[in-house]
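The following exercises concern one protein structure. Please study the sequence and the structure before reading each solution.

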Amino acid sequence: MSVGAERIRDLVVSLRNFSRVDESEIKPLDIHQSIDSTLILLQPQFKEKLGSAKNLIVKNYSDLPLITCYASQLNQVFMNIIGNAIDAVYEHRLTLSAAAKEIFTGKIIISTSVISRDWVRICVKDNGKGMTTEMKNRIFEPFFTTKPVGEGTGLGLSISYQIIVNQHRGKIDCLSQPGMGTEFVIQIPTDCSQYD
């Protein structure tokens with residue numbers, strides 16, 4: 001009961017942090033707390049597709065300042081990108097032979113760093129199936145999806161692009177090759193309120 005109560009508490013705290021319903025639209029955000037809350041909320045997806053997230057997630061967190069941003073929107077970006085990374089690793093594993101599945105270890109590496117006094121970088125890299133150049137060039141288009149029919153809306157990355165580039169005046173890039181995984185690199189200013 002104690003473990004179950006602790007899990008419920010963590011989930012409630014994560015949901016509160018993720019939704020930010022009781023906070024102003026622009027406010028200081030601890031990026032690491034936001035990513036950690038997203039990972040807790042994605043636990044069911046991890047378990048369903050990849051087993052435990054314990055050995056799957058690698059966090060390379062740097063010492064970041066608080067970011068003044070649209071917190072709930074940035075949380076949505078993390079949810080979309082990490083959720084896609086889970087799917088990419090899962091789909092890649094499905095294509096492997098039985099012998100290759102035995103030795104394959106899925107990984108999602110989340111790294112943060114300070115670029116300058118006014119900018120930070122967040123990277124989410126997976127060792128999933130990767131994408132062709134054609135797919136990569138279209139990844140932020142509305143309704144474009146790499147997922148099987150009926151599994152993706154094709155809106156997650158398009159919305160993420162709008163949030164990062166238009167709302168936060170940041171940058172988001174995708175680096176990928178077939179069979180080599182995918183990395184999303186997000187760069188945002190430490191204070192997006194200066195652009196309002």
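**Exercise 1: Two salt bridges**

Lys 59 is partly exposed, with a relative accessible area of 41%; here partly exposed lies between buried (under 20% relative accessible area) and exposed (over 50%), computed with a 1.4 Å probe on protein chains only. This is a predicted model, in which local features need pLDDT of at least 70, side-chain atom pairs count only at pLDDT 80 or more, and totals for chains, interfaces and linings use all residues. Residues are numbered from 1 along each chain as its sequence is written, and side-chain values use heavy atoms, with hydrogens and water left out.

Task: State which side chain meets that of Lys 59 in a salt bridge, and then examine the pair Lys 49 and Asp 87.

Solution.
1. A salt bridge requires a side-chain nitrogen of Lys or Arg within 4 Å of a carboxyl oxygen of Asp or Glu.
2. The partner of Lys 59 is Asp 36, at 2.9 Å from N to O. Asp 36 belongs to helix α2 (residues 31-41) and Lys 59 to strand β2 (residues 57-60), so the salt bridge ties together parts that are 23 residues apart in sequence. Helices (H or I, at least four residues) and strands (E, at least two) are DSSP runs, numbered from the N terminus.
3. Asp 36 is also partly exposed, at a relative accessible area of 26%.
4. Lys 49 and Asp 87 form a salt bridge with an N to O distance of 2.5 Å. This pair links distant parts of the chain, 38 residues apart: helix α3 (residues 43-50) holds Lys 49 and helix α4 (residues 71-94) holds Asp 87.
5. Lys 49 is partly exposed at 22% relative accessibility, whereas Asp 87 is buried at 6%.

**Exercise 2: The whole protein**

Task: Describe the secondary structure, the burial and the confidence of the model.

Solution.
1. The protein has seven helices and seven strands. Their order from the N terminus is α-β-α-α-β-β-α-α-β-β-α-α-β-β.
2. Of the 196 residues, 39% are buried.
3. The average pLDDT, the predictor's confidence in each residue from 0 to 100, is 85, and 81% of the residues score at least 70. Over residues 20-24 the pLDDT is below 50, and this stretch has seven contacts in the model beyond near neighbours in sequence; a contact means heavy atoms within 4.5 Å. Where pLDDT is low, the predicted coordinates should not be read in detail.
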